[in-house]
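Trainee: Got a minute? I'd like to go over the cavities in this one with you.
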Amino acid sequence: MRSANSYPVEPGRRSVSGALLDSMSEVTPVPEVVYLNGKIVPPDEAVVSVNDRGFLFGDAIYEALRSYDGRLWAMTRHMRRLARSLDAVDLRSADVDEVRAAIEETYQASEIPNALVYLQITRGVAPRSHAYPRDLRPTVLITVRDIAPVVAGIDFDGEAAVTAPDLRWRRCDVKSTNLLPNVLAKTRAHDHGAREAILVDTEGCVTEGTSTSVFWVAQNRLFATPGGPEILPGITREVVMEIARDEGIPVLAERVTLQEFRRASEIFLTSTGHEVCPVIRLDGASVGSGRAGPLTLRLQKGFRARVAVGDDEPR
Ligand code: PLP
């Protein structure tokens with residue numbers, strides 16, 4: 001496994017000035033519409049307490065979803081995952097139905113057809129102490145902004161990735177805002193001209209990207225890393241698995257060593273923003289032919305077809 005500071009540099013994509021880093025960043029500066037604790041507020045007036053446990057402890061759960069042409073995509077699936085995350089961290093005071101209604105209201109108010117919707121629910125405000133009182137009112141934040149700048153930074157014909165040690169906790173299936181390992185690894189990847197860092201656990205096996213799920217093809221068979229506490233149950237991953245099955249392509253959920261992974265003929269990432277995104281370079285070496293492979297392209301097309309007809313109901 002490579003150490004965190006020995007990433008290979010992608011020729012022509014590196015910037016120490018920060019210019020490239022900015023263009024690869026998935027964050028735009030100003031949210032368009034902000035909802036905080038029950039109402040839509042001007043972004044400048046969206047302020048939370050310094051005693052908010054989300055700020056102090058990262059004691060918070062989040063979701064990131066998007067809309068296509070005026071319709072929120074995969075809402076039911078995202079709310080199902082949200083409910084699981086809240087339950088896993090004993091944050092049961094937040095009502096998922098109310099949150100869903102607030103997302104819909106904020107989204108409608110934004111009038112942004114293709115939006116990125118961010119939701120964060122913290123445990124609430126209390127004087128700093130590790131153990132939490134159970135009677136706190138959760139802080140609910142929703143931001144809606146145009147997804148175009150995010151998508152513009154992604155090369156859907158093929159991206160570069162690097163590998164990095166997976167330093168995260170052992171409940172990666174919970175979508176918590178404790179993202180320091182992800183933040184560090186992703187930024188290093190960008191520093192080295194790559195879009196994503198693919199994480200490798202202490203046993204030398206690939207888990208997932210810092211904000212993406214991972215698939216690969218070997219001997220013409222499609223693989224994904226297994227579900228479980230080591231990875232986030234990605235919504236896009238779930239939909240892509242359904243598409244594969246619908247098309248008669250078996251998906252094998254298997255652990256893979258980095259050594260084997262490097263021999264894959266195709267690798268692709270999935271996420272709300274990346275949809276299905278081919279990885280054509282890994283740690284500076286070509287993946288397969290060095291171009292998006294046939295299975296990746298087929299699933300990318302299949303995903304876009306599902307989006308085009310709004311086919312996102314859980315099966
Ligand atoms: N894995 C991680 C660690 C993530 O943070 C994300 C999304 O943020 C994903 C995978 C992809 O999930 P989804 O397809 O639901 O966007």
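Mentor: Sure, and keep in mind that this is a predicted model. Let's start with the second largest cavity, where β13 (266–271) and β14 (275–282) each supply at least two residues of the lining.

Trainee: Which element gives the most to that lining?

Mentor: That would be β14, with three residues.

Trainee: And which residues line the second largest cavity?

Mentor: The lining is made up of Ser265, Glu266, Ile267, Pro278, Val279, Ile280, Val287, Arg291, Ala292, Gly293 and Thr296. By class, they divide into six nonpolar, three polar and two charged.

Trainee: How much space lies in there?

Mentor: About 30 Å³ for the second largest cavity.

Trainee: OK, zooming out. How many cavities of 30 Å³ or more does the count come to?

Mentor: The count comes to two.

Trainee: Then let's switch to the largest cavity. How much space does that one have?

Mentor: The largest cavity holds about 40 Å³ of space.

Trainee: Which residues line the largest cavity?

Mentor: You'll find Arg66, Tyr68, Trp73, His78, Ile235, Thr236, Ser271, Thr272 and Phe303 around the largest cavity.

Trainee: Which elements give two or more residues to that lining?

Mentor: Those are β3 (60–68) and α7 (235–246).

Trainee: And what does the lining of the largest cavity have by class?

Mentor: Four nonpolar residues, four polar ones and one charged.

Terms used
Residues numbered from 1 in each chain as written. Predicted model: local features only at pLDDT ≥ 70, side-chain atom pairs only at ≥ 80, totals over all residues. Heavy atoms only, no water. 1 Å grid on protein atoms, 1.4 Å probe; cavity = no way out; pocket = protein on both sides within 12 Å on 5 of 7 lines; lining within 4 Å. Points joined across faces, edges and corners; volume = space filled by probe spheres on them. Helix = DSSP H or I, 4+ residues; strand = E, 2+ residues; numbered from the N terminus. Nonpolar A, V, L, I, M, F, W, Y, C, P; charged D, E, K, R; others polar.
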